[in-house]
Protein chains: 2
Amino acid sequence: MVRENQANTHCRTDFPLDPGKAVGSAGVEIAVLGLGLIGGSLLKRLAGNAIGYDVDPATRQSARDAGFTVADTVDAAAGNADVTIVAVPLPALPDLLAQIGAIAKPHSLLTDVTSVKAPIYQWVRGPVRFVGGHPMAGTEHSGFAAADPDLFTDANWALCLEDDTDVADWLQIAEVVTRTGAKVVPTTAAEHDAAVARISHLPHVVAAMLTNLARDPLAKTLAAGSFRDGTRVAATRPELSTAMCQANEAALDQALEQAVRALQKARSPRRLKNQFAAAYEIRRNWPATETTSVSLNATKDELLALGRNGGWLESINPLSARLPS
Amino acid sequence: MVRENQANTHCRTDFPLDPGKAVGSAGVEIAVLGLGLIGGSLLKRLAGNAIGYDVDPATRQSARDAGFTVADTVDAAAGNADVTIVAVPLPALPDLLAQIGAIAKPHSLLTDVTSVKAPIYQWVRGPVRFVGGHPMAGTEHSGFAAADPDLFTDANWALCLEDDTDVADWLQIAEVVTRTGAKVVPTTAAEHDAAVARISHLPHVVAAMLTNLARDPLAKTLAAGSFRDGTRVAATRPELSTAMCQANEAALDQALEQAVRALQKARSPRRLKNQFAAAYEIRRNWPATETTSVSLNATKDELLALGRNGGWLESINPLSARLPS
């Protein structure tokens, strides 16, 4: 991986996409299963190449009324799809993945949008080739009505490269992801799960802890900005937070252990001062505003190194990658 | 304290304000010492009855250029004031309070806007009568340029009633506070400090902890909404966070102990589920949107009971109080 001198120079690298079967071209079907906030936004964004499905008839009707192509069964949506994107809540995934395994075309590609990755691999069945994904996008709203074709613009979208992932499969899914406006972050399920335990699941646990410590009326009345922001995600429906955290139990447990250790150290004034100073340097430079174009080959090692260094792909053909400066 | 049936009925209670010396009337001088975000916003809001002072000549000039009355020394600002509001950073307070003690008019009233209350009482000197205050308002900006006369509109403003506080003094300061658009929350320094340890200081420590656990490049790139909000206050200048927490060390230590205990319990999936469920109920009903008018007398006990029940005063003459429903 080579950093380029000119920040705006994009590099081009050939890679083995089958040009007769490029996703998004005529004849390639994308199925989006689950039309909530994420799946609905995908259907709205990929309309023209995509067919949707939702278990709820009223949601299917809403999507049809809005002009989208919607099937009435999983079979009708995913049975002929080249790429299937599952966007249902975590508890519904094992059954749906078993169902897809029974009806999917051989060699069809499957991806998901779930906030944990390692468990999903164990639920995949049948002849499909699975590439786990996770868009780092969302709002406090849910449902098809809240779906927005621009939801993913400039969002980071983790996409897993495991030991047995075919890079060509990965690049095909990555190409679909870039068409949503998102940036593709190559990672592994294990590294993703360890990172999101710290940047998403732990913040949910901490928000609940802060909320529960402020339950008395005086505290609730005096609470203002730092409480508002620090506890916002405690208003997430508790069954969603619980399912998300339980699915990533091992990584979250490590993060909680680190959190407890840090807070115990913070009881020493000298160490608290150091923690504030270190956090200030990190937080005021986050998110990174300066980026640099980098040149790389589409090999598993180079892609994973890009992700570990905080980088992402902005387009797949030509291959264009950037790192925070 | 009696809840009234009609939510919009304000009650009226007489109380011992000296009508010839009502704050804000001609002849009553308010000095605002320190013209940063809070003090500058107070000067802009109370202009006409207030004289400002700041240790920084450039800030004084900016305030004068904007048309406000500004003195060049503490003596000239506070020496003749009936009410002095100190709005300087915590580390500057002990010296300034000693200086005011040496020059203040006998029986003049003094208040502050500092985020901890108990330590301030120990630094007050001279013939002044002190009523500690804390507006729950602020932004990530600082300085006179960011000051806004509407900063306090609908903010809660804690005002301390101690064993030796004269209720008439307290009501005079409370009247000034209501003229900023804020709601006055009666409390004690000890109860205030215990509450803000949980709703403000702990959220700052937790934000630093979350930030420091996400220092690796992949985590920083994947971090999104829950990280952004949960860590926002980690971008506060670390010397301010450190000073704020150290001044409230005992109460913060208790809050940290409770936080550690809660996070240790969260490592049990069953308990985590319960924590999410409890927090959801609290957070989705915060802040309270429904309020009820209550009738009360301006006695120390009734005022403190109002604050402990999450209530506040909206006007002083007539006395108008509300509680979250």
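Start where the two chains meet: select chain A and chain B in this predicted model, and you can look for 25 residue pairs in polar contact between chain B and chain A, both partners at pLDDT 80 or more.

Next, colour helix α7 of chain B, residues 189–213. With 17 residues, this helix gives the most to the side of chain B that touches chain A. Now colour that whole side by class: you should find 44 nonpolar, 22 polar and 16 charged residues.

For the charged partners, show A:E257 and B:R267 as sticks. They form a salt bridge, with the closest N and O atoms 3.6 Å apart. The count of salt bridges between chain B and chain A is eight.

Zoom out to take in the whole interface. Here 82 residues of chain B are in contact with 82 residues of chain A. The two chains bury about 7,700 Å² between them, and 71% of that is on carbon and sulfur atoms. On the chain B side, pick out B:L222, B:F276 and B:W286, which lose the most area to chain A and together make up 10% of what that side buries.

Now for the interior. Select A:L202, A:M209, B:L202 and B:M209: these have the most contacts inside the largest nonpolar core, which has 48 residues. Then show α7 (189–213), α11 (249–265) and α12 (269–284) in both chain A and chain B, since each supplies at least two residues of this core.

Finish by centring on A:L202. Beyond its neighbours within four places in sequence, A:L202 is in contact with A:A197, A:L252, A:A255, A:L256 and A:A259 in chain A, and with B:M209, B:L210 and B:L213 across in chain B.

Conventions:
Residues numbered from 1 in each chain as written. Chains lettered and ligands numbered in written order. Predicted model: local features only at pLDDT ≥ 70, side-chain atom pairs only at ≥ 80, totals over all residues. Heavy atoms only, no water. Contact = heavy atoms within 4.5 Å. Buried area = accessible area lost by both parts, 1.4 Å probe. Salt bridge = Lys/Arg side-chain N within 4 Å of Asp/Glu carboxyl O. Polar contact = N/O pair within 3.5 Å; in protein donor to acceptor, adjacent residues only side chain to side chain. Helix = DSSP H or I, 4+ residues; strand = E, 2+ residues; numbered from the N terminus. Nonpolar A, V, L, I, M, F, W, Y, C, P; charged D, E, K, R; others polar. Core = buried A, V, L, I, M, F, W, Y, C linked by side-chain atoms within 4.5 Å. Buried < 20%, exposed > 50% of the residue type's maximum accessible area, 1.4 Å probe, protein only.
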